[in-house]
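Hi everyone, thanks for squeezing me in. Have a look at this one on the screen, and then I'll walk you through a helix and a sheet.

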Amino acid sequence: PDANRSACQICPADTSVSIDAESCSACMLGEKSRAGSTSCELDYVLLSVCLTCFVTQFGAVYMLLRRFRRFQRIADISKVGDEVVVTMLRPHGIRNRIGDMTRVHISGTGHFLLDRIQTFQARALDKHRLLLVVPGANMEISSSMGSCRVIFPRDILDTATLVPVAGMSVALTCLAWGIIGAAYLSGEFDSRAHKRMLFMMMFICVAVAMPAASIFAVIAKRRESAQPTKLEQRHASFKKRLLASNPTARPSERGPTRAVTVGKLLDLFEGFQDFIQARTAYYLVPNVIVPLTKSGRISYAELAGPSSLDYFISHFWGTSFAHFVETVQKHAECAGSEDWRSLAYWICFISNNQWRVEEEVGNGDWRKSSFYLALQDKGCKATCMVLDPQAEPLRRSWCLFEVLQTYLLLQDPSAPEFEGLIFCTSSGVLDGQRDGCYDVSVALARRLAVLSVAEATASNAADQQMIVDLIEQEGGIERMNSFIKTNMLATLRKMQVSFNGSIVNLCDELDRTIEPPPAQPAVLHQP
């Protein structure tokens, strides 16, 4: 009704009136009505504008932050020929747009060269693989862990999308604000009762979209970084098996009581063979041994169940682990034990605690090192040197330390049963008692004929100097060369006797199988 209550007035737009009401009521924010309407309804135009602004601004911020400093899990790093190829756990989303290469940051691989350099040039090979340019990559480079991220601003420019993420983000942001501007200029909301509040609502939607997108981007990144690789899944299942067989895994005394049996060595190799392939201990330790022992910070031998040693292994970390395992197995089979899988070998990367390396090498005192303690144990029958045709262990200073201690033990009358230095290969033990090692023996002898232990090196300069000083105290480099070559000469002479005997036996066997030719019938000549 009007002021005199003599007639009714029509309620204007964005207001409503109920039956018997004496005045018009304004619609709530987000509602609208026509003039004379008795009820308000949702303002679908306003809601559409607000939702569109929110979604476009959310998408702009989310995709930008999702790519910015995105750490991606590495599934594998390996050398293919002379090139280093990085395989990502998920599609890397990289497309080289500016030049042929993109700058990436690599970390947490466990490889000293990659983790030291960290920043590399990379090129996308396919959606999962990157070709990495590694200066000085004349060594084994392999890993199955770590993370990779593209360095700013290439992370938001070199994206696999049709338009770079940076461009898409700017475009969507402009669209969100453009919609608000278009709504203002169209006059669609000029007649609304809460015009100023309506536009404020649009601004709030855009503002809220930005922190919301930021939160979702952070959550997505964390979920991606927490996704386990295939190797990590294998770690979990294999460790579960280890703890089932050795539930009381705990630290034990350093030295001879931390050997591992051949059976457990084979279990380790077979458990990760598809990852290890032809790789070496430089891959095995950071990618397998360290993750398995991380929770208890103990050695692998303590985790799997340690044993007292029967033999000490001297070897080069750069030898293929498959070759290493095969060599140890061959020696165990030749050692004369029916239960050869139970023979225990002291192997540095398995017996030493990789979390306390300084302590394992004696904190500077070689007499307290685990190597020395294991070799000096009365239960040690011999030093088994795992050799390849290049005799690489003899180029490493710590192997020379082990050879030196072996030499001294042979001179020690209190260790009469110590067998000394045994040359072992994947073909068998070089002892002249078994066939099949002749070619390997000849190749090793040729290498040793020109090899000098003076060429040996160590990764730690202090360790190398300490070992050189020890060798000098015990007669010098020439005595050590003589000891090694004398062992090889004795082996060669045994192999020669064995080879000559095998040749004689083969000749006799062939001679026995040769049947004399049938006699020719006499031919009678007619006169």
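Okay, so this is a predicted model. Let's start at helix 7, where Val262, Gly263, Leu265, Leu266, Leu268, Phe269 and Gly271 are all buried. That's seven of the 10 residues in the helix, which runs from 262 to 271, so the rest of the structure largely encloses it. By buried I mean under 20% relative accessible area.

Now zoom out a bit. The protein chain has 527 residues, and 45% of them count as buried. You've got 18 helices and 16 strands in there. If you take the contacts with a separation of 6 or more, 74% are between residues 24 or more positions apart. As for the surface, the chain exposes about 27,500 Å², with carbon and sulfur atoms supplying 56% of that.

Right, on to the sheet. It's an open one with six strands, pairing is mixed, and the order goes 11-13-12-14-15-16. What's at the edges? Strand 11 (260-261) and strand 16 (428-429), each with a single partner strand, so each has one side with no neighbour in the sheet.

Further in, strand 12 (residues 311-314) and strand 13 (residues 344-346) run parallel and pair over two bridges. If you want a residue to click on, try Tyr311: its bridge partner in strand 13 is Tyr345.

And which helix packs on this sheet? That's helix 15, residues 397-411, and it touches strand 12, strand 14 (383-386) and strand 15 (421-425). The direction of helix 15 makes about 145° with that of strand 12.

That's my bit, happy to rotate things around if anyone wants another look.

Technical notes: Residues numbered from 1 in each chain as written. Predicted model: local features only at pLDDT ≥ 70, side-chain atom pairs only at ≥ 80, totals over all residues. Heavy atoms only, no water. Helix = DSSP H or I, 4+ residues; strand = E, 2+ residues; numbered from the N terminus. Buried < 20%, exposed > 50% of the residue type's maximum accessible area, 1.4 Å probe, protein only. Contact = heavy atoms within 4.5 Å. Areas by Shrake-Rupley, 256 points an atom, 1.4 Å probe, with all protein chains shown as cover. Pairing = 2+ DSSP bridges. Axes fitted to C-alpha atoms, helices over the stretch in contact; angles between N-to-C directions.
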